[in-house]
Amino acid sequence: MRQLRLIERPAWKALVAHQRRVGRCHLREMFAADALRGERMVAEGADLYLDYSKNRVTDETMALLQQLARECGVAGRIEAMFSGESINSTEQRAALHVALRAPPGERIVSGGADVVPQVQAVLARMASFAESVRSGAWRGHDGRTIRNIINIGIGGSDLGPVMLYEALRHYSRRDLHFGFVSNVDPADLAEATRGLDPGETLFIVCSKTFKTLETLTNAQAARAWCLAHFRDEAAVKRHFVAVSTNAQGVARFGIDPANIFGFWDWVGGRYSTDSAIGLSTMVAVGEEHFRAMLAGFHAMDQHFRHAPAQHNLPLLMALLAVWNTNFLGVESVAVLPYAHYLKRFPAYLQQLTMESNGKHVTRAGAPVGVATAPIYWGEPGTNGQHSFYQLLHQGTRLVACDLIAFCQQLDPPGDQHDMLMANLLAQTEALAFGSVSDPQQPWRDCAGNRPTSTILAPRLTPHTLGQLIALYEHSVFVQGVIWDIDSFDQWGVELGKVLAQRIIAELAPHEAAPVLSHDSSTNNLIRRYREQRTQRQA
Ligand code: F6P
């Protein structure tokens with residue numbers, strides 16, 4: 001029998017009809033009609049608390065969304081992911097990031113082998129390496145200890161490490177300096193190495209494929225920077241380590257095979273921050289904190305796999321995202337951490353959400369037929385309040401917001417944290433309920449009825465951070481299941497890479513400039529660049 005398209009499913013049709021009835025209902029009315037709404041529309045998983053009562057949903061909306069999840073086979077797909085099935089269908093591989101945080105002794109089979117012992121073996125090697133750097137036992141080429149650690153990578157091999165480092169800075173070694181280089185713009189590496197002593201600097205080159213243009217270019221430039229100082233190839237072994245699935249590529253670069261930390265093709269780049277890609281984090285915070293973070297990821301994995309649907313945080317967040325996107329016309333989600341340490345979390349989520357679900361065809365290759373991933377963006381509160389919140393409150397677009405906060409302050413006592421939290425609470429109130437309008441002063445009018453979800457945890461720890469990341473990973477997965485897309489491939493990024501390779505050759509200095517055969521705009525831009533580049537050098 002032909003599989004029903006999403007818009008043909010009974011629950012979808014019921015949601016369309018339901019939206020016509022409740023879509024215009026204001027949150028003011030919903031709260032007025034139900035005194036316990038704010039206590040009922042909440043869920044807890046591990047240490048995270050989700051208040052979704054300020055979304056424009058009723059109990060019936062949630063019941064229909066749950067029915068949609070059942071009709072789309074979400075439960076079965078969750079089991080398929082956890083049991084290592086080849087759910088990344090276009091690349092014919094498993095998406096087994098849950099194995100990265102499985103405790104020793106758990107059995108997860110992929111390709112006929114239990115992968116947990118392999119994961120644990122790499123973790124043990126990471127721990128021993130991290131400890132040697134932290135203790136000073138690891139020496140540079142001229143015998144000095146390492147004080148600077150620079151991660152070179154891009155996409156998942158950068159956004160994960162830098163987000164984790166910033167998020168866990170409170171727990172990190174303050175006498176070690178960490179830098180992150182991703183952009184092929186030479187300014188990135190130049191600024192990251194400015195003033196550093198090569199003899200005290202260690203590069204961690206992170207690339208799943210070890211083929212990515214930006215990372216290999218930066219790694220070569222860093223190598224040249226190091227060798228300009230040492231003038232001895234042997235220095236590479238003491239100042240470069242790598243994290244990759246491509247051991248041969250790394251060895252060709254000259255990195256000692258003993259200093260390659262591996263992972264597996266069943267770990268997607270944007271799902272890799274808790275693999276060896278997190279090596280810089282382990283050096284920063286130590287093995288114990290890193291393992292606590294993995295335990296946090298695992299706690300959310302367990303919650304996702306076993307908690308009943310009505311209380312399942314990733315499932316609820318995914319269903320709300322589908323409702324907001326497909327039934328309320330929300331096109332973007334602002335991620336607003338009221339925790340400055342999470343300042344890179346929105347950037348990290350951009351890759352996780354948009355590279356995963358920014359897709360237009362189903363797994364079978366048919367048009368999805370409805371909107372998929374909204375645009376994710378954000379800044380920490382309260383900074384954003386003085387920049388783009390105006391649009392959230394009074395703009396013509398409906399933006400859904402995720403507000404994230406921790407109840408306990410990490411840094412010295414005082415009432416500053418209360419101010420931060422008061423601002424978060426005020427914003428969720430203002431966005432939901434707006435202000436009473438004065439027809440004489442419409443410019444003051446805040447209509448409210450803007451959907452927000454609030455995520456609270458007791459304290460920002462490695463453990464709660466792991467839970468938070470896994471919450472979003474699994475929410476993204478469920479959204480992909482509902483839209484019936486492959487959340488684990490990224491074919492859309494390939495075209496630009498191929499075209500760039502061709503243009504790189506055309507920009508190289510030639511005696512006679514090559515004939516250009518692009519469109520008139522690209523040809524013209526290339527000519528102008530060539531011209532002005534030469535003028536600047538003259
Ligand atoms: O171009 C997209 C991408 O493939 C991401 O999915 C990935 O995280 C990034 O590039 C980096 O890839 P690699 O780790 O193989 O260098």
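Student: Is Gly23 buried or exposed?
Tutor: This is a predicted model, with local features needing pLDDT of at least 70, side-chain atom pairs counting only at pLDDT 80 or more, and totals for chains, interfaces and linings using all residues. Residues are numbered from 1 along each chain as its sequence is written, and side-chain values use heavy atoms, leaving out hydrogens and water. Gly23 sits in the loop between helix H1 (10-22) and helix H2 (27-33) (helices are DSSP H or I runs of at least four residues, strands E runs of at least two, numbered from the N terminus). Its relative accessible area is 7%, and under 20% counts as buried, over 50% as exposed, in between as partly exposed (1.4 Å probe, protein chains only), so Gly23 is buried.

Student: Which residues does Gly23 touch?
Tutor: Contact means heavy atoms within 4.5 Å. Leaving out residues up to four places away in sequence, Gly23 touches His18, Arg56 and Leu328.

Student: How many residues of H14 are buried?
Tutor: H14 covers residues 345-357, and its buried residues include Phe345, Tyr348, Leu352 and Asn357. They pack against helix H7 (156-167), strands E10 (332-338), E11 (375-377) and E12 (399-406), and helix H17 (462-483). H14 is mostly covered, and of its 13 residues the buried ones number 10.

Student: At what angle do H5 and H17 pack?
Tutor: Helix H5 (residues 74-82) and H17 have their axes 10 Å apart. The contact takes in Val74, Arg77, Ile78 and Met81 of H5, plus His474, Phe477, Val478, Val481 and Ile482 of H17. H5 and H17 are oblique to each other, packing at an angle of about 125°.

How values were computed:
Expected span 1.5 Å × (residues − 1). Axes fitted to C-alpha atoms, helices over the stretch in contact; angles between N-to-C directions. Parallel < 35°, antiparallel > 145°, perpendicular 65-115°, else oblique.
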